[in-house]
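Open your viewer, switch to a cartoon view, and get ready to click along. We will go stop by stop, selecting one piece at a time.

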Amino acid sequence: MKKTLVGLLALTLMFSCKNSEEKNKTSENEKQEVNVYTHRHYESDQELFEMFEEQTGITVNVINANADELIQKMSMEGEQSPADVLITVDAGRLERAKSSDLLQAVSSEILEETIPSHLKDADNHWFGLTKRARVIAYAKDRVDESELSTYEDLASDKWNDKLLIRSSGNIYNQSLMASIMVHNGEEEAKEWAEAVVENMARAPKGNDRDQVKAVVAGEGDLAIVNTYYIGKMLNSEDPEEVKAGEEVKLFFPNQEGRGTHINVSGAGVAKYAPNKENAIKFIEFLISEEAQKIFAHSNYEYPVNEAVTPAALLQEWGEFKEDTLNLSTLGENNKKAVMLFDEAGWK
Amino acid sequence: MKQAGSSDIFSIKSRLRRLKRDTNRWSIFTLAIVLFIALPVIAIAVKLLEGPGETWWHLVDNLLADYIGNSFFLIFTCSFLVLIMGVGTAWLVARFEFPFRKQLEWLLILPLAIPSYIVAYAYAGVFDYGGSLELILRWLNLEFVRIDIMNKFGLAFVLSISLFPYVYVSSRAFFLNQAGNLLEASTMLGVGEFKSFFRLMLPLARPAIIAGLILVLMEVLNDYGAAQYFGVNTFTTGIFRAWFSLEEPETAVYLSALLIFIVFALILFEKWQRKNIQVTGNKASGRTHRKMGTKPMEWLKFFLVLIPVILGFFIPVGQLIYWAFLTAEKVFDLDFIMLSLQSFGIALITSLVTVLFATLLIYFAKWSSINGIKSISRLGILGYAIPGAVVAIGIMIPTLAFDKWFINTMDTVFGVKTGFLFNGTLVALVYAYSVRFLAVAYNPIESTALKVSNSIPDSSKMLGVGNFKTFLKIEFPLIKTGILSAVILVFIDVLKELPLTLILKPFHINTLAVKAFEYASDEMVMEAAIPSLFIIFTATIPVIFLNKLLIKE
């Protein structure tokens, strides 16, 4: 027992030494690096980080956590924060980071020219990397496409007990609610939420994929999901998930009007970034054509770089009109949206 | 009036004098450790003074009733389930001989090796559309009945089967090592098996059982992942909502304070009931000798004990293994082995540090002569009641203040540019784990320490041997099992820990739990199976160690 313990301790020490050695080397050779705080943890991102390291010789150090926790961490670290880049999976959190004074404006022709203006911050504090649309997945056999029209229509009586959507704690729902609030006003948004709660087939639970599975299981007819989850289900390792993905069709709401609600995952340069130049290079790399291809093809997201075509599956769904409401407004209205959810009894 | 006043002053003076007389370095050391461990809690408490955020009343109006209702539902339902499973199995394996008893004895601890949110995901995978249950039934040509477990009943079930081993471990220790003589006596007096269990064993084992139960309840109140996935609003999901969705840390801290209040009430309740029944010295002792039964009865016992093992271990692990097969190619590589070793190393260091703190805290308090010190020492275990994410913030407040001061001083006084001393290093992480898991180490050590009668160490001290030497020579060998169980329990908890690790972990270091979470939070639950299985595998080894040790004794 003692020997084993000693052995294990030695092993542990070896590892910690190895790590500190790495650190020492860094400071001696002035090795270039960029410290990334990210909420994205997809395999494709790992691949991209490695590509960037190979191309530039700049080491990418990553901390993965929820954006909320990362923002909290950055604000507590203040001027000494090691963070160079913050990556989140929605614009709302980036806007929050901006309003907490954690990001800085960046001037980069590449970024400004490549990214459409509604997908980035007006003051260049953050930039969208990939797009996802929040759409309706409906049961092919029970719903006719002609019955579907807008997000607002989800409140209508005909969907009573038919609607599947996850909890209001989820940021994608919060952003959708914020967009409805901005377009229709608070009063109407609240009524909408109340009616949607009435129409729910079950109390909100699970994630987006679970809503689709519930449609296939017959618990309801419509599920509200982000596009890339459908892509992932159709390419899942689990044959049952693939089957579930095939049982539903996608509908992009509000095509006649303002367009379908979209969100971005995006990145901003930290206010006190110790490696600002590298941080800019890093974000520029992420929107380069080769990087955007990887985003698009392995994760089924829509590229922000219009020179890159989306994955074949996404092309199959067809082009759609997107809501061009500047995404900053979603962040500004996020808190109010959550409070409306609570008042409407949306769990 | 005047007289009364002066007598008041007199009594305060005499009290102060007594305090001065009794104050020794042990009480000071105890206070120092408590302060060190409670620092993050204090940092959060200071935040309370800033008042609640403006959304506090919004929250009270719309959500608080739901939080309280669900949290209390979980407290009661989980207590009920955990007591039946934990105490029942402990009694059966300690008192009776039946097939595969030895194997079951350690299998019963294994559910602890699976993070409860992973159990939740696994069970959702079993009962899901296209889930394992449906596949099996389809294969058997049976009709599929959908069982929805994603609700508060399902949550109570999932939390109970993954946490009951806390009660099992603590009550089995009592049944095995302390109940023997009494049982023999009661059998000789012709008392039946049932009666001697309910009238004699249960009341005597209460402190041990409750100690385990308190740990379970704290974990239940602390759960975030499972409750969030099953769509059940609890205090902890509320804390996250207030902090992150409503953007008001002040309100989150108020919710945490309410939660801490509930936990405090539970701890006081436990202390109060412990006072009523004191089990020390040789009142209860002796190993239990196992009874044999008839063959059918033995098999019945075997099946009874097997049920929680199947529910808590084999079903979730089976589901994970199935997923692991589907995703192995994608997920498994050499990095994974490195990752496991890192996790293992961090957990080992932390468990040793935490157990050292717990032991020092218990014995310093014992050696101090001030009565109040012991109650104060229990404050040190409060960290367990606070959600990991909140502990992380609590750690960052004081350590960042120090780090910033350090950087500035080094810069202005010595002109040296330095980095953070604590933040983003293993030191802060291990500190945070120790704060969070001190209770896990404290309880088993304390309950074995209580069993050591004071007379031996007292005589040793009377012979002029110092406290430390007495401890090392006499008490340490006697409480070795308690200390080792503490090391193992903390080890497993650290291995599973998530929210705190996410916030405080250094660059370059990753843990299995973080890896599993990364997958699960991207709705790649299947891909989370392999890191989860590695956690389970790594945690299983020490469990078997522990059991071997107990058998040897």
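## A walk through two chains

Select chain A to begin: of its 347 residues, 50% count as buried. Remember as you look around that this is a predicted model.

**Stop 1: chain A as a whole.** Colour chain A by secondary structure and you should find 15 helices and 9 strands. Its radius of gyration is 22 Å, close to the 20 Å that the globule rule gives for 347 residues, so chain A is as compact as a globular protein of that length. Turn it around: the C-alpha atoms fill a box of roughly 70 × 55 × 40 Å along the principal axes. Now think about which parts of the sequence meet. Taking contacts in chain A between residues at least 6 apart in sequence, 78% join residues at least 24 apart.

**Stop 2: the two domains of chain A.** Give residues 32–131 and 263–317 one colour for domain 1, and residues 133–261 and 323–344 another for domain 2. The C-alpha centres of these two domains of chain A lie 26 Å apart. Where they meet, 18 residues of domain 1 are in contact with 20 residues of domain 2. To see the domain 1 side of this meeting place, select helix H4 (91–99), strand E8 (262–269) and helix H13 (312–317) of chain A, each of which supplies at least two residues. Which element gives the largest share of that side? It is H4(A), with 5 residues. By type, the residues on this side of domain 1 divide into 9 nonpolar, 4 polar and 5 charged.

**Stop 3: two residues with a positive phi.** Here is a little background: most residues other than glycine have a negative phi. Zoom in on A:Asn124, where phi is positive, near 60°. You will find A:Asn124 in the loop between helix H5 (109–114) and strand E4 (126–139) of chain A. Next, jump to A:Tyr300, which is not a glycine either and has a positive phi of about 55°. A:Tyr300 sits in the loop between helix H12 (289–299) and strand E9 (302–303) of chain A. Is each one buried, exposed or partly exposed? A:Asn124 counts as partly exposed because it has 18 C-beta neighbours inside 10 Å, whereas A:Tyr300 has 24 and counts as buried.

**Stop 4: chain B.** Now select chain B and colour it by secondary structure: there are 24 helices and 0 strands. The radius of gyration of chain B is 25 Å, close to the 24 Å from the globule rule for 553 residues, so chain B is as compact as a globular protein of that length. Its C-alpha trace spans about 90 × 70 × 50 Å along the principal axes. Buried residues make up 49% of the 553 residues in chain B. Of the contacts in chain B with a separation of 6 or more, 85% come from residues 24 or more positions apart.

**Stop 5: where the chains touch.** Show both chains together: the contact takes 51 residues from chain A and 47 residues from chain B. On the chain A side, highlight helix H1 (2–29), strand E2 (59–64) and helix H3 (67–77), which are among the elements that each supply at least two residues. Add helix H8 (208–216), helix H10 (239–247) and helix H15 (334–344) of chain A, which also do so. The largest share of the chain A side, 8 residues, comes from H1(A). Finish by colouring that side by residue type: it divides into 18 nonpolar, 14 polar and 19 charged residues.

Note on methods. Residues numbered from 1 in each chain as written. Chains lettered and ligands numbered in written order. Predicted model: local features only at pLDDT ≥ 70, side-chain atom pairs only at ≥ 80, totals over all residues. Helix = DSSP H or I, 4+ residues; strand = E, 2+ residues; numbered from the N terminus. Rg over C-alpha atoms; globule rule 2.2 N^0.38 Å. Buried ≥ 20, exposed ≤ 12 C-beta atoms within 10 Å, placed from the backbone. Contact = placed C-beta atoms within 7 Å. Domains from an automatic or database assignment. Nonpolar A, V, L, I, M, F, W, Y, C, P; charged D, E, K, R; others polar.
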